[in-house]
Amino acid sequence: MRNDESRPAARPIVLTGPSGSGRGAVAGLIRARSSSVRVPAAVTTRAPRPGERPGAEREFVTAARFDALLAAGELLAPATIGPDRYAISRAALRRAGGHPLLIPLDPAGARQVRHELPRSVLVLLVPRAGDESALTGLNPDVVMLCESVERVAAELLGLLGSSF
């Protein structure tokens, strides 16, 4: 049996879609169903909400720490939403080792990660048939109609388990 260090790196899957497409719910189901799939915690400057555990779904940092990580090139897809900033930590991606990696992001963040990680597989969730607005400029590898979060999670687990 091989250990994580000798396992070839899996191609990251970037899960994107417009607001309300179900990407957070799908990522949560996958996280609950498969311990081998890694979903990196977003780095954010916002305060934890009641019940949130630091490091589980989010890494909470000060604005100064966020700036330092950004300046060091350690953050992917930085975004500002209201007064708060968010990004994906390159360290979290490295910690995934050879495990399958799922990165849920909004379309703007997905474009940035696709540029930085060209080997990634871009999966676009479309909330309803005929919603072509979500496709603008993304050029996804896979498009999934998200009528059922359960079905999408099952299909993505199949993709994550395949050898891209």
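How many nonpolar, polar and charged residues does the lining of the largest pocket have? By class, the lining has 14 nonpolar, four polar and seven charged residues. Keep that mix in mind as you go through the views below, and remember that this is a predicted model.

**View 1. The whole protein, from end to end.** Start with the full chain before zooming in. The protein is built with five helices and eight strands. Read from the N terminus on, its elements follow the order β-α-β-β-α-β-β-α-β-α-β-β-α. Of the 164 residues in the protein, 39% are buried. Now look at contacts between residues at least 6 apart in sequence: 58% of these join residues at least 24 apart.

**View 2. The largest pocket and the residues around it.** This pocket holds about 650 Å³ of space. Its lining is made up of 25 residues, and the closest to the pocket centre are Arg23, Ala42, Arg58, Pro104 and Leu105. Which helix or strand gives the largest share of the lining? That is α1, with five residues. At least two lining residues each are supplied by α1 (23–33), β4 (75–81), β5 (84–89), β6 (102–105) and α4 (107–116).

**View 3. Strand β1 and its two partners.** Here you can follow β1 (residues 13–16) and the strands beside it. Strands β1 and β6 run parallel and are joined by four bridges. One pair to look for is leucine 15 with its bridge partner in β6, proline 104. You met Pro104 in the pocket view, among the residues closest to the centre. Strand β7 (residues 121–126) is also parallel to β1, and four bridges join these two as well. Across this pairing, isoleucine 13 has valine 121 as its bridge partner, and threonine 16 stands opposite leucine 124.

**View 4. Both faces of β1 and β7.** In a regular strand the side chains alternate between the two faces of the sheet. In β1, Ile13 and Leu15 are on one side, while Val14 and Thr16 are on the other. Are these four residues buried or exposed? They are all buried, and both faces of β1 are covered. Turning to β7, Val121, Val123 and Leu125 point one way, and Leu122, Leu124 and Val126 point the other way. Six of the six residues of β7 are buried.

**View 5. Threonine 16, tucked inside.** Threonine 16 belongs to strand β1. Why does threonine 16 count as buried? Its relative accessible area is 0%, and buried means under 20%. Where does its side chain reach? To the backbone oxygen of leucine 105, at 2.9 Å. Leucine 105 also appears in the pocket view, as one of the residues closest to the centre.

**View 6. Serine 89 and its neighbours.** Find serine 89 in strand β5. With a relative accessible area of 7%, serine 89 is buried. The side chain of serine 89 comes to 3.1 Å from the backbone nitrogen of alanine 91. Which residues does serine 89 contact once its neighbours within four places in sequence are left aside? They are Val43, Glu59, Glu74 and Leu75.

**View 7. Threonine 62, out in a loop.** This residue sits in the loop between β3 (58–60) and α2 (63–71). Threonine 62 is exposed, because its relative accessible area is 52% and exposed means over 50%. A polar atom of the threonine 62 side chain lies 3.0 Å from the backbone nitrogen of arginine 65. Look for threonine 45 too: it is 17 residues from threonine 62 in sequence, and the C-alpha atoms of the two are 5.5 Å apart in space.

**View 8. Proline 100 beside valine 37.** Proline 100 is in the loop between α3 (90–95) and β6. Proline 100 counts as buried, because its relative accessibility is 16% and the limit for buried is under 20%. How many residues along the chain lie between the positions of proline 100 and valine 37? The two are 63 residues apart, yet their C-alpha atoms are separated by 4.9 Å.

Terms used
Residues numbered from 1 in each chain as written. Predicted model: local features only at pLDDT ≥ 70, side-chain atom pairs only at ≥ 80, totals over all residues. Heavy atoms only, no water. 1 Å grid on protein atoms, 1.4 Å probe; cavity = no way out; pocket = protein on both sides within 12 Å on 5 of 7 lines; lining within 4 Å. Points joined across faces, edges and corners; volume = space filled by probe spheres on them. Nonpolar A, V, L, I, M, F, W, Y, C, P; charged D, E, K, R; others polar. Buried < 20%, exposed > 50% of the residue type's maximum accessible area, 1.4 Å probe, protein only. Polar contact = N/O pair within 3.5 Å; in protein donor to acceptor, adjacent residues only side chain to side chain. Pairing = 2+ DSSP bridges. Contact = heavy atoms within 4.5 Å.
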